[in-house]
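Here is a short briefing for a first look at this structure. Keep the model open as you read.

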Amino acid sequence: MLYPLPAVLITSRNREGKEDVCTVAWAGTVCTNPPMVSISLRPSRLSYEYICETGVFVINVTTEKIVRETDYCGVRSGRNEDKFSRMKLKASPGPHTGCAMLEDSPVCIECKVAEKKE
């Protein structure tokens, strides 16, 4: 396996505007021209469902400042609670996707799904 991999927070939304945030350890650059990234999500994750529904998401790079939030969002389900409220995550809608962009993230990458591999 290839290490180290950065843990990132993925934010997504469904068609009704309900949002989710989850931790992803498998994220990386696919190519630079055109710019493409990859993430790996289990189909059981709520974020997977939302991304399949809308085709958009945001990769929010994490820092030491939000390490607790990053850990928490990786072990809790958005099906059972609002992780944004629970972790007091402040966010603004991205101009291109409408998905939450975390204010404490130094880099937020708005993404549109180009390809999905099972």
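Aspartate 104 pairs with lysine 65 in a salt bridge, with 3.2 Å between the closest N and O atoms. This pair ties together distant parts of the chain, 39 residues apart. The model is a predicted one. The points below cover its salt bridges, a charged patch, two contacting residues and a helix.

**Salt bridges**

- The count of salt bridges comes to 5.
- In the first pair described here, aspartate 104 sits in the loop between strand S7 (100-102) and strand S8 (108-112). Lysine 65 sits in the loop between strand S5 (56-61) and H2.
- Aspartate 104 has a relative accessible area of 35%, so it is partly exposed. Lysine 65 reaches 61%, so it is exposed. The cut-off for exposed is over 50%.
- Another of the salt bridges joins the side chains of glutamate 49 and arginine 79, at 3.1 Å from N to O. It too links distant parts of the chain, with the partners 30 residues apart.
- Glutamate 49 belongs to helix H1 (residues 46-54). Arginine 79 lies in the loop between helix H2 (67-75) and helix H3 (83-86).
- Glutamate 49 is partly exposed, because its relative accessibility is 36%. Arginine 79 is partly exposed as well, at 46%.
- Glutamate 115 and lysine 117 also form a salt bridge, and their closest N and O atoms are 2.9 Å apart. Both residues are exposed.
- What lets such pairs form? Side chains of opposite charge can pair when their charged atoms come close.

**A positive patch**

- Which residues gather in a patch of positive charge on the surface? They are Arg68, Arg76, Arg86 and Lys88.
- Arginine 76 has its place in the loop between H2 and H3. Its relative accessible area is 41%, so arginine 76 counts as partly exposed.
- Patch members need over 30% relative accessible area, so arginine 76 clears that cut-off.

**Glutamate 110 and threonine 97**

- Glutamate 110 is part of strand S8. With a relative accessible area of 22%, glutamate 110 is partly exposed.
- Sequence neighbours within four places aside, glutamate 110 contacts Phe57, Val58, Gly94, Pro95, His96, Thr97, Gly98 and Met101.
- Glutamate 110 and isoleucine 10 are 100 residues apart along the chain. Their C-alpha atoms are separated by 10.0 Å.
- Threonine 97 lies in the loop between strand S6 (91-93) and S7.
- Is threonine 97 buried or exposed? Threonine 97 is buried, because its relative accessibility is 4% and the cut-off for buried is under 20%.
- Beyond neighbours within four places in sequence, threonine 97 touches Arg13, Val56, Phe57, Val58, Glu110 and Cys111.
- Phe57 and Val58 appear among the contacts of glutamate 110 and among those of threonine 97.

**Helix H1**

- The buried residues of H1 are Leu46, Ser47, Tyr48, Tyr50 and Ile51.
- Which strands do the buried residues of H1 pack against? They pack against strand S1 (8-13), strand S2 (19-24), strand S4 (35-39) and S5.
- An α-helix has 3.6 residues a turn, so residues three or four places apart point the same way.
- Glutamate 49, by contrast with that buried set, is a partly exposed residue of H1.
- Glycine 55 follows H1. The phi of glycine 55 is positive, near 75°.

How values were computed. Residues are numbered from 1 along each chain as its sequence is written. This is a predicted model: local features need pLDDT of at least 70, side-chain atom pairs count only at pLDDT 80 or more; totals for chains, interfaces and linings use all residues. Side-chain values use heavy atoms; hydrogens and water are left out. A salt bridge is a side-chain nitrogen of Lys or Arg within 4 Å of a carboxyl oxygen of Asp or Glu. Helices (H or I, at least four residues) and strands (E, at least two) are DSSP runs, numbered from the N terminus. Buried means under 20% relative accessible area, exposed over 50%, partly exposed in between (1.4 Å probe, protein chains only). Patches are made of residues with over 30% relative accessible area and no salt bridge: like charges are joined within 9 Å, nonpolar side chains (Val, Leu, Ile, Met, Phe, Trp, Tyr) within 5 Å. Accessible areas come from the Shrake-Rupley method with a 1.4 Å probe; for residues, only the protein chains shown count as cover. Lys and Arg count as positive and Asp and Glu as negative; His and the chain ends are not counted. The place of a charge is taken as NZ of Lys, CZ of Arg, CG of Asp or CD of Glu. Contact means heavy atoms within 4.5 Å.
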